[in-house]
Every structure is written in structure tokens, then in C-alpha cells.
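Okay, hi everyone, thanks for making time. I'd like to walk you through one structure today, so please have it open in front of you.

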Amino acid sequence: MKKAILLLNFFVTTCLFGQSFDKQFMFNSAENATEQAFAGISLSNGNYLIGANNYILCLNANGDSLWNKKYVVDNIEKFFRDPNGNLMVAAKKGRIIVMQVNESNGDSVTTFTPPGQVATFNYNFYDIVVNAAGKYFLSY
């Protein structure tokens, strides 16, 4: 019964107080370009980060664009936090790479490639998780 109440509470809270907006953004000037958002995260200041192709777009609570940053990667795949609370981004550039990103302006702080990957351009990225000990687990 407790689970049902929690789920109902989440549903009611999300429906009554959730933020919604409908805006269009275009990063690529090519007429036939396809842009896809693969990742998103809400920040503690109420802003949102959206990973679309090789861009990170920062939006405020109304969906207005605050800044965007282009990276030399194929696709931004996932946002997550490391055990220290740093904002991390998983992306593909042939192999999967991980960047620590400054969430106020999008600047990359550090970049590394998790070990155990074969040099190939055919990875299908599913998920990445970092545990409390700082070990990274990839599913690809």
C-alpha cells in the first residue's frame, strides 16, 4: 500500500506542478539536418541541460535558451553526477568518452576514455554508472 501512495503522490505532484514548454531550437544550418536530443538533466538552480547531437543547450525553467556549447564528439549520450557531485557527460567519439563539465557555462574541466573499449566506431551506448567508490560501469 505504501508503494501505491508514493506513486500516486509522484503522479499528482508531477501533473500539478510540472514545468512544460514547447520550443524549437536549431543548431545545424543545413536544411536537411537531423538533430536529436539523447540526454537531459535538471540542475539545482532550476535550469535544464539538454544534450542534442554534439551540443549542450542550457535552458531556464521557461525553456528559454541561456547558452549552448559545441563539443568535438559525435553525440552527447548521458548526463550524470560523480560521487563528488560533479556534472559528468558521456559522449561518443568513436569510443565512449566521459567529460566533467562546468554546469554554469558548459566548459569541459576534464576528459577521459574509460578503459576496456576496443578501438572501433561501432559502439551502441546504453548507459554509464559511477558507484560511490568512483568506479565506472559502461553498458555498450
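Let's begin with one residue. Asn-47 counts as buried, because its relative accessibility is 15%, and buried here means under 20% relative accessible area, with exposed being over 50% and partly exposed in between, using a 1.4 Å probe and protein chains only. Asn-47 sits in the loop between strand 1 and strand 2. Who does Asn-47 touch, leaving aside its neighbours within four places in sequence? The list is Ile-41, Ser-42, Cys-58, Leu-59, Asn-60, Ala-61 and Leu-66, where a contact means heavy atoms within 4.5 Å.

Some housekeeping before I go on. This is a predicted model, so local features need pLDDT of at least 70 and side-chain atom pairs count only at pLDDT 80 or more, while totals for chains, interfaces and linings use all residues. Residues are numbered from 1 along each chain as its sequence is written, and side-chain values use heavy atoms, with hydrogens and water left out.

Now the overall picture. The protein chain has 1 helix and 10 strands; these are DSSP runs numbered from the N terminus, H or I of at least four residues for helices and E of at least two for strands. Reading from the N terminus, the helix comes before the strands. Of the 140 residues, 33% count as buried.

Next, the sheet. Which strands form it, and in what order? It is an open sheet of 4 strands, in the order 1-2-3-4, with antiparallel pairing. Two strands pair if DSSP finds at least two bridges between them. At the edges are strand 1 and strand 4 (65–70), each of which pairs on one side only. On average, neighbouring strands here are turned by 15 degrees against each other, direction ignored; the axes are lines fitted to C-alpha atoms, and angles run from 0 to 180 degrees between N-to-C directions.

Let's walk across that sheet. Strand 1 is joined to strand 2 (residues 48–52) by 5 bridges, and Ala-37 has Ala-52 in strand 2 as its bridge partner. Strand 2 and strand 3 also pair antiparallel, over 5 bridges, with Tyr-48 partnered by Leu-59 in strand 3. Leu-59 turns up again on the other side, where its bridge partner in strand 4 is Ser-65.

The turns are fun too. The hairpin of strand 2 and strand 3 has 2 residues between the strands. Asn-53, in that turn, has a positive phi of about 50 degrees although it is not a glycine. Asn-53 is also buried, because its relative accessibility is 19%. In the hairpin of strand 3 and strand 4, with 5 residues between the strands, Gly-63 takes a positive phi near 90 degrees.

Why do I call strand 3 largely enclosed by the rest of the structure? Because 5 of its 5 residues are buried. Tyr-55, Leu-57 and Leu-59 point one way, Ile-56 and Cys-58 the other way. That fits a rule you'll meet often: in a regular strand the side chains alternate between the two faces of the sheet.

On to the inside. The largest nonpolar core has 17 residues, and Leu-49, Ile-56, Tyr-71, Ile-76, Phe-79 and Val-89 have the most contacts inside it. By nonpolar core I mean a set of buried Ala, Val, Leu, Ile, Met, Phe, Trp, Tyr and Cys residues joined through side-chain atoms within 4.5 Å. Separate from this is a second core of 8 residues, including Phe-80, Ala-90, Phe-125 and Val-130.

Last topic, charges. How many salt bridges does the structure hold? There are 3, each being a side-chain nitrogen of Lys or Arg within 4 Å of a carboxyl oxygen of Asp or Glu. In one of them, Asp-107 meets Lys-69, with the closest N and O atoms 2.5 Å apart. Asp-107 is in the loop between strand 7 and strand 8 (108–112) and Lys-69 is in strand 4, so the pair ties together parts that are 38 residues apart in sequence. Another joins Asp-127 to Lys-78, at 2.4 Å; Asp-127 is in strand 9 and Lys-78 in strand 5, 49 residues apart. Then there's Arg-81 with Glu-103, at 2.7 Å from N to O.

That's my tour, thanks for listening!
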